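Work through the exercises below with the sequence and the model side by side, and try each task before reading its solution.

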Amino acid sequence: MNTLTRTIEHTEQHGPAEGLSRWFFTTNHKDIGTLYLWFSFAMFLTGGCMALMIRAELFQPGLQLIEPGFFNQMTTMHGLIMVFGAVMPAFVGLANWMLPLMVGAPDMALPRMNNWSFWILPFAFAMMLSTLFMEGGGPNFGWTFYAPLSTTYAPPSVTFFIFAVHMMGISSIMGAINVVVTILNMRAPGMTMMKLPLFVWTWLITAFLLIAVMPVLAGVVTMMLMDIHFGTSFFNAAGGGDPVLFQHVFWFFGHPEVYIMILPAFGIVSEIIPTFARKRLFGYASMVYATASIAFLSFIVWAHHMFTVGIPLMGELFFMFATMLIAVPTGVKVFNWVATMFRGSMTFETPMLFALAFVVLFTIGGFSGLMLAIAPADFQYHDTYFVVAHFHYVLVPGAVFAIMAGVYYWLPKWTGHYYNETLGKVHFWISFIGVNLTFFPMHFIGLAGMPRRIPDYALQFADFNMVASVGAFIFGFSQLIFLVLVIKTIRGGDRAPAQVWEHPQGLEWTLPSPAPYHSFVEPPEVK
């Protein structure tokens, strides 16, 4: 019996699920994907407002809008919310929606755990945001929460921050286990591993990364908790501990975490470019092996974040060359995307525009990363705005643009309606201009020596900071266009057929799937 028939029979027997209980108790992968996506967008806007406070303060030299202590809280919370609250849940939402459709499974393998892994998140982030209203204020030590600043000198709210991080980690591990089990055990007959869509491959590898490194994060925040409350000295030199140990443990988690935020983006772009170039993806097998290589190498480069702490020369050389080696599989991916587009019948709908911007701007971020990998040069770049420019080029036109590309690409599949193409292109171009105005000048002020995480700065950095702040507000407010567009598409628009986009050789990677019985779209008649 096909899924649609089962869905309609269920509706006849039980009626549509009503109101809030539908969303609280749902085990439907599409509903849970939707919850993840809306939650991540809410966090994206929240973290974005914090970024705009930071940029408003830095619009000109001199302290004008917020206190330095609150500025530090904003930089900390902005980073934590964007990484753990916006980018990661958005990718999990896309995985929930698309993986069962792509592998031909009726749902995710562990539906109740799926529901639980989502509902932990709002409580975790409510707890994290509540620290801003506690005595002594919220976490003020940067998103990397280096000890002993985050243990010996931290506000009392750091305990709640640690608990929130534990909850996020539990959610991520459960989501990752669900992805692995679904892909390995629930593929349609005949779908071998080397026939999987690349989005599925990138998520499978990402899930293994999550399972491997999230316990490391749990370990480091538990050690912090012990130092704060139980008299241990893991990171306290006065008690025989070592503050640099914190950095080793944190970055052993933190560097694979960076790839957790970009590998699913590679998968999305690898779906979109072949569709709008109307060609099969060039070098499918090499893309799979490149993704696996990047994941492996991400575990052995963590100390490139620590060139300036005094590691031995041989250590610096090893981490420098290992970091440069990651550029090879990443370059394979970029060349394969370009080769896919070469002599293709390309059209430039909104998903393709975001995917192209991803390829170009992510490559810029990759090149600045290669500069930072050069150990002797990193002594100059370290903790300057050049580093801020680097990782924002990887994460905003990288991860965030890929998420937006994926939403535009699959929105007709999800809602049954086409979005407004003109509005989509307006959103893209304003976002594109805003992102580059914001982050490109940071390369220059960083090379000129402006340190990061400061609320005030010398006069020679004023002009570029003004440009960056204007760009940030352009990018921030352009996301309201995205919000309007998504709501308009959910509520109506041109009807989308089962095969939404014209695909090479008439293929569509996503198997035809009916909307769930409680969806916004009425199911078509059963023949």
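Contact here means heavy atoms within 4.5 Å. The model is a predicted one, and residues are numbered from 1 along each chain as its sequence is written.

**Exercise 1. Surroundings of two residues**

Task: State where Asn-115 and Phe-39 are found, decide whether each is buried or exposed, and list their contacts beyond the neighbours within four places in sequence.

Solution. Begin with Asn-115, which is found in helix H5, residues 111-130. Buried means under 20% relative accessible area, and with 13% relative accessibility Asn-115 therefore counts as buried. Once its neighbours within four places in sequence are set aside, Asn-115 is in contact with Trp-23, Phe-24, Phe-25, Thr-26 and Ile-32.

Turn next to Phe-39, which has its place in helix H3, residues 29-57, and which at 11% relative accessibility also counts as buried. Leaving aside its neighbours within four places, Phe-39 is in contact with Gly-85, Pro-89, Phe-118, Leu-121, Pro-122 and Phe-125. Pro-61, by comparison, is 22 residues from Phe-39 in sequence, and the two C-alpha atoms are 35 Å apart in space.

**Exercise 2. Helix H4 and its partner**

Task: Determine how H4 and H9 are oriented to each other and which residues meet where they pack.

Solution. The axes of helix H4, residues 68-103, and H9 come within 12 Å and cross at roughly 50 degrees. This angle makes H4 and H9 oblique to each other, and the crossing in which H4 passes H9 is left-handed. On the H4 side Phe-91, Leu-94 and Met-102 take part, and they meet Pro-264, Ala-265, Ile-268 and Glu-271 in H9.

H4 also holds Val-103, which is buried, its relative accessible area being 0%. The C-alpha atoms of Val-103 and Thr-206 are separated by 17 Å, although the two residues stand 103 places apart along the chain.

**Exercise 3. Helix H10 and the loop that follows**

Task: Compare the span of H10 with the expected one, find what covers its buried residues, and explain what the pair of Trp-302 and Phe-319 ties together.

Solution. Helix H10, residues 284-297, has 14 residues, and from its first C-alpha to its last it reaches 20 Å, close to the 20 Å expected at 1.5 Å a residue. Its buried residues are Tyr-284, Met-287, Val-288, Ala-290, Thr-291, Ile-294, Ala-295 and Leu-297, and what covers them includes helices H7, H8, H9 and H11.

For the last step, turn to the aromatic pairs, of which the count comes to 51. Among them, Trp-302 and Phe-319 form an edge-to-face pair, 5.1 Å centre to centre and with 70 degrees between the planes. Because Trp-302 lies in the loop between H10 and H11 while Phe-319 lies in helix H11, the pair ties together parts that are 17 residues apart in sequence. Phe-319 is itself buried, with a relative accessible area of 10%.

**Exercise 4. Two packings of helix H14**

Task: Classify the orientation of H14 to H12, and then that of H14 to H16.

Solution. Helix H12, residues 350-373, packs with helix H14, residues 385-415, at an angle of about 160 degrees, and their axes are 8 Å apart. Angles over 145 degrees count as roughly antiparallel, and H12 and H14 are therefore roughly antiparallel to each other. H12 passes H14 in a left-handed crossing.

With helix H16, residues 462-491, H14 packs at an angle of about 15 degrees, the axes being 10 Å apart. That makes H14 roughly parallel to H16, and here too H14 passes its partner in a left-handed crossing. The residues of H14 that meet H16 include Phe-401, Met-404 and Tyr-408, while those on the H16 side include Phe-475, Gln-479 and Phe-482.

**Exercise 5. Backbone exceptions in the loops**

Task: Which peptide bond is cis, and what is the phi of Phe-145 and of Asp-383?

Solution. Most residues other than glycine have a negative phi, and most peptide bonds are trans. The bond from Ala-147 to Pro-148 is cis, with omega near 5 degrees, and Pro-148 has its place in the loop between H5 and helix H6. Phe-145 is found in the loop between H5 and H6; this residue has a positive phi of about 35 degrees although it is not a glycine, and at 2% relative accessibility Phe-145 counts as buried. Asp-383, in the loop between helix H13 and H14, has a positive phi near 60 degrees and is partly exposed, with a relative accessible area of 38%.

Terms used: Predicted model: local features only at pLDDT ≥ 70, side-chain atom pairs only at ≥ 80, totals over all residues. Heavy atoms only, no water. Expected span 1.5 Å × (residues − 1). Buried < 20%, exposed > 50% of the residue type's maximum accessible area, 1.4 Å probe, protein only. Phe/Tyr/Trp six-rings, centres within 6.5 Å; stacked < 30°, edge-to-face > 60°. Axes fitted to C-alpha atoms, helices over the stretch in contact; angles between N-to-C directions. Parallel < 35°, antiparallel > 145°, perpendicular 65-115°, else oblique. Left-handed = near helix turned anticlockwise from the far one by under 90°.
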